[in-house]
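User: I've got a structure open and would like to talk it through with you. Can you help me get my bearings?

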Protein chains: 2
Amino acid sequence: MWRDYIRQVKPYTPGEQPKDENVIKLNTNENPYPPCVGVRDAIKDFDYNMLRKYPDPAVNELRQAIADYHDVDIRNVFVGVGSDDVLAMCYMTFFNSNKPILFPDITYSFYDVWAEEFDVLYVTKPLDENFRIVPSDYKTINGGIIIPNPNAPTGIEEGIDTIIDIIENNKDSIVIIDEAYVDFGAESVLPLVAKYDNLIVVRTFSKSRSLAGSRIGYAIASKEIIKALHNVKYSYNSYTMDSLTIKIGVEAIKDDKYFKENLEKVISTREWTYNKLLELGFEVFESKANFLFAKPNFISAKELFHELKKKNIFVRYFDKPRINEYLRISIGTDQEMKELIDAITLLK
Amino acid sequence: MWRDYIRQVKPYTPGEQPKDENVIKLNTNENPYPPCVGVRDAIKDFDYNMLRKYPDPAVNELRQAIADYHDVDIRNVFVGVGSDDVLAMCYMTFFNSNKPILFPDITYSFYDVWAEEFDVLYVTKPLDENFRIVPSDYKTINGGIIIPNPNAPTGIEEGIDTIIDIIENNKDSIVIIDEAYVDFGAESVLPLVAKYDNLIVVRTFSKSRSLAGSRIGYAIASKEIIKALHNVKYSYNSYTMDSLTIKIGVEAIKDDKYFKENLEKVISTREWTYNKLLELGFEVFESKANFLFAKPNFISAKELFHELKKKNIFVRYFDKPRINEYLRISIGTDQEMKELIDAITLLK
């Protein structure tokens, strides 16, 4: 019977997307500022008649713009429908051994979801009591490694030496560094791609380029790796990125001035919020991402989550072992963060 | 070594996308007319600041518009990034038995590519000498059935009785009817979804709604099937369709008047071209799609393909057994088809 063969999956619950415009939405790590004006103009100037034709399956225009930005060859660039698409393609393409892949126990909640979806064995490696990676955990036989840096949902950056140590000890494995949040102040391992042909660096336009709604992610890696990704991608869906999104992506990566101003604003607001939360008695981790991971001391995290929601302030709560006393708070505008701090102050 | 575990895939080659604007492009079944003006206005009126937020992962606005159009419940609708995405999700979700799935030997060239990609056993069933499906071929144990109607690349429609016969004999299997081309004059099996909970009807906006560049496809099926598809989809990539494309899709399905006028034009041009090709001595199949499948009698198909390309007219040639004496010719504007017929006449 067909019902017996339906794939059973571990469900993933994305952060809530409330329709109410009056909500202060600090629950999905969206950027509070608009995309660059080049994006606005690309949309305004787009000839809608172009949509009757298929997009370029190789997405060359956007891949070239990304290659130019990072000063690599276009053959070092793979583009996907969000970094989730890029990472899922990496799982399908590279995680086919019978050895388990490794990733931290506290991390982006999709890593184990993909492992289940694609029948990939995995072992999680516990972060230490300060939520830091223990590099020696990754010196064991494995079918691949995936590490986000900065980590989610903690925002903690591991130094480049830690990452190099892990790569140096895993030259027989694919090592993926998920740099979704790297632009907000962390150091990238992108320059190492020239040295290690087993390293994949994954990025997204969703956070630092204010384009969560456009679904653009990419990977930078050796030409051999990118070619393997393209082979699998073309066998799955030749045309995934639509023509208009390609134009949007090109404009978004070209405006470096706006990009850097935007990052500076988010970082400055993050540091202000960090200090205010400390003043309010929270335990807060130093973050290199566009969110803070914080533990209140006068109320449980779950309770605070619900209290804030009543005031139309949405933050993220994970009801999971080890992190169920923390909230992940995305960085909004100065005004939004002030309202958050005021709301928390009133609850004390 | 990581190289030993790279997934090996059967490569798929999409039709050429020449950059030259002067090309008469009849090789990828694109619609020669623009999308409806609602699409133009949706793009023009789009607030680019919306892109900083994630899209609705459930794509409810577009799913509701599709549900309204087909007079079904929103829970009967699944939306994907092109029908390729929808079909790939169907493979992942439902083709997990150890029995082979069945499809015709001459058909959409992606069916076996997905089977290879997802390690699904498959058996192809030869069409008869007139390229028609032999229904008794599908009365055997199987892990699922996928049939395009009208078929590609022949354009031939199987009567609804043939499809019902196949479904009636396969109540234990998932039966997918791929109706990518149905709008161009064929009869849909959509009304049968209410009766058969194992039937999935797949559609696309790429051809009949002139939106190949936007990547919108969908499936209509029982609520149980759609729920299973959503579970797998959310475990793969929660946000696949971008916010702007959702708006475009909603407008495209609402303008039924333009849609029907567009179809009538394409069908009328198809019939004119069909008769001209017959006059020129081609063997041509009656088509219910936006292309014709035709065999020249004065030159080999391969040679004609190359001769037309020299004149900047692109058609599709498949160098495959049984069909390597045919060309698949997409229906362009009247003017484009006249130029094609003139070019062929000069070659005779």
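**Getting to know the model**

User: Let's start with burial: what percentage of the 348 residues in chain A is buried?

Analyst: Keep in mind that this is a predicted model. A residue counts as buried when its relative accessible area is under 20%. For chain A, with its 348 residues, the buried share comes to 63%.

User: How many helices and strands does chain A have, and what is its radius of gyration?

Analyst: The secondary structure of chain A consists of 10 helices and 13 strands. The globule rule gives 20 Å for 348 residues, and chain A is close to that, so it is as compact as a globular protein of that length. The C-alpha trace spans about 55 × 55 × 50 Å along the principal axes. The radius of gyration itself is 20 Å.

User: What share of the contacts in chain A with a separation of 6 or more comes from residues 24 or more positions apart?

Analyst: Here a contact means heavy atoms within 4.5 Å. Among the chain A contacts with a separation of 6 or more, the share from residues 24 or more positions apart is 72%.

User: How far apart are the centres of the positive and negative side chains in chain A?

Analyst: Chain A carries 43 positive side chains and 53 negative ones. Take the centre of each set, and the distance between the two is 3 Å.

User: On to the rings. Is the pair A:Phe285 and A:Tyr326 stacked, edge-to-face or tilted?

Analyst: The structure holds 45 aromatic pairs over all chains. In this one the ring centres are 5.9 Å apart and the planes meet at 35°. Planes under 30 degrees apart would count as stacked and over 60 as edge-to-face, so at 35° the pair is tilted.

User: How many residues apart are those two in the chain, and are they buried or exposed?

Analyst: A:Phe285 sits in the loop between strand 9 and strand 10 of chain A, while A:Tyr326 sits in the loop between strand 12 and strand 13. The pair therefore links distant parts of the chain, 41 residues apart. As for accessibility, both A:Phe285 and A:Tyr326 are buried.

User: And in chain B, how many residues apart in sequence are the parts that B:Phe131 and B:Phe293 tie together?

Analyst: Those rings have centres 6.3 Å apart and planes at 55°, so this pair is tilted. Both B:Phe131 and B:Phe293 are buried. B:Phe131 lies in the loop between strand 4 and strand 5 of chain B and B:Phe293 in strand 10, so the parts they tie together are separated by 162 residues.

User: Which residue follows A:Ala152 across a cis peptide bond?

Analyst: Most peptide bonds are trans. The bond after A:Ala152 is cis, with omega near 0°. Its partner belongs to the loop between strand 5 and helix 5 of chain A, and that residue is A:Pro153.

User: A:Asp119 and A:Arg215 both have a positive phi; which of them is buried and which exposed?

Analyst: Phi is about 55° for A:Asp119 and about 60° for A:Arg215, and neither is a glycine. A:Asp119 is in the loop between helix 4 and strand 4 of chain A, whereas A:Arg215 is in the loop between strand 7 and strand 8. With 65% relative accessibility against a cut-off of over 50%, A:Asp119 is exposed. At 3%, under the 20% limit, the buried one is A:Arg215.

Conventions
Residues are numbered from 1 along each chain as its sequence is written. Chains are lettered from A and ligands numbered from 1 in the order in which they are written. This is a predicted model: local features need pLDDT of at least 70, side-chain atom pairs count only at pLDDT 80 or more; totals for chains, interfaces and linings use all residues. Side-chain values use heavy atoms; hydrogens and water are left out. Helices (H or I, at least four residues) and strands (E, at least two) are DSSP runs, numbered from the N terminus. The radius of gyration is taken over C-alpha atoms; the globule rule is 2.2 Å times the number of residues to the power 0.38. Buried means under 20% relative accessible area, exposed over 50%, partly exposed in between (1.4 Å probe, protein chains only). Lys and Arg count as positive and Asp and Glu as negative; His and the chain ends are not counted. The place of a charge is taken as NZ of Lys, CZ of Arg, CG of Asp or CD of Glu. Rings of Phe, Tyr and Trp (its six-membered ring) pair if their centres lie within 6.5 Å; planes under 30 degrees apart count as stacked, over 60 as edge-to-face and the rest as tilted.
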